[in-house]
Amino acid sequence: MKTALTIAGSDSSGGAGIQADIKTMMANGVYAMSAITALTAQNTMGVDGIFEVTPEFLGKQMDCVFTDIRPDAVKIGMVASADLIRMIAGKLREYKADNIVVDPVMVATSGAKLISDDAIAVLKEELLPLACVLTPNIPEAEELSGMRISTTEDMIRAAEQIGKTYGCAVLLKGGHMINDANDYLYGEGIGRWFFGKRIDNPNTHGTGCTLSSAIASNLSKGYELEEAVKNAKEYLSGALAAMLDLGKGRGPMNHGFMIAENSPRFL
């Protein structure tokens, strides 16, 4: 069995972060491991508190994973502090990690910054150049490229600029701001659109975590990047189309929709 490591924060409501990553990896047929950057107290209505681990403890988690069950791919989600980012980058270099997928969670779709300017600078300098693929949304791509993105042509230019700056592939997610479910992948001088069908489901908590974890899962199994992205988008669409409706706010998706479809025990 192939293996994947998620480095991210814990979501106590289970819709995003570590919990979404592990569910996604399992659903995509790989063995999931985790290194937790922070505990959060949150639910479908918002975040009530964050408790970060120390850089030293995060490093110990990564040591224990890499020296025993080496991951075939690594997904990195939201990391809020510069010191934690430095620790992650250092360990990835030390262990020569493969198939690194970075979801550069910096800016909310509302435009609000989620991490400090200092942490963003360290993210750009130390972590992003280690990635094989980045998965920014529009606000994050604007931060990384220094460009205003308001059209599909802007998406193409921004993805190319980001890819050339950090020496990696870029999957720029269109989202509701531009073109709904259509994403643009740029890598090695070649670009490709991945067109998705809009699914009218308000419960989209954790979509970014889920997509990047599904890509990492597919890379761990040996798929080339384009096929990994295609498979990941199909999985995300299925999880949304299952129309799970939990909680009083923006709820989670059904990460286990394929299990439910194939087992009477889940019906």
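Is Met1 buried or exposed? Met1 is exposed, with a relative accessible area of 79%, where exposed means over 50%, buried under 20% and partly exposed anything in between (1.4 Å probe, protein chains only). The structure is a predicted model, in which local features need pLDDT of at least 70 and side-chain atom pairs count only at pLDDT 80 or more, while totals for chains, interfaces and linings use all residues. Residues are numbered from 1 along each chain as its sequence is written, and side-chain values use heavy atoms, with hydrogens and water left out.

Now to the inside. The largest nonpolar core (buried Ala, Val, Leu, Ile, Met, Phe, Trp, Tyr and Cys residues joined through side-chain atoms within 4.5 Å) has 47 residues, and Ile76 and Leu92 touch the most other members. Helix α3 (residues 82-94) supplies the largest share of this core, 6 residues; helices (H or I, at least four residues) and strands (E, at least two) are DSSP runs, numbered from the N terminus. Apart from this core lies another one of 22 residues, including Leu171 and Leu240.

Contacts (heavy atoms within 4.5 Å) fill in the picture. Setting aside neighbours within four places in sequence, Leu92 is in contact with Ile76, among others, as well as Met62, Phe66 and Leu130. Leu58 belongs to helix α2 (residues 55-66) and is buried, at a relative accessible area of 0%. Beyond residues up to four places away in sequence, the residues that Leu58 touches include Ile7, Thr37, Leu84 and Ile88. Leu58 and Thr37 are 21 residues apart along the chain, yet 6.4 Å separates their C-alpha atoms.

As for charges, the model holds 14 salt bridges, each a side-chain nitrogen of Lys or Arg within 4 Å of a carboxyl oxygen of Asp or Glu. In one of them, Lys173 pairs with Asp103, with 3.6 Å between the closest N and O atoms. This pair links distant parts of the chain, 70 residues apart: Lys173 sits in strand β7 (residues 169-174) and Asp103 in the loop between β5 (100-102) and α4 (117-127). Both Lys173 and Asp103 are buried.

Asp183 and Lys233 also form a salt bridge, their closest N and O atoms being 2.9 Å apart. Asp183 is in strand β8 (residues 180-187) and Lys233 in helix α9 (residues 225-241), so the pair ties together parts 50 residues apart in sequence. Asp183 counts as buried at 5% relative accessibility, and Lys233 does too at 13%. Elsewhere, Asp63, Lys91 and Glu94 are joined into one network by salt bridges that share partners.
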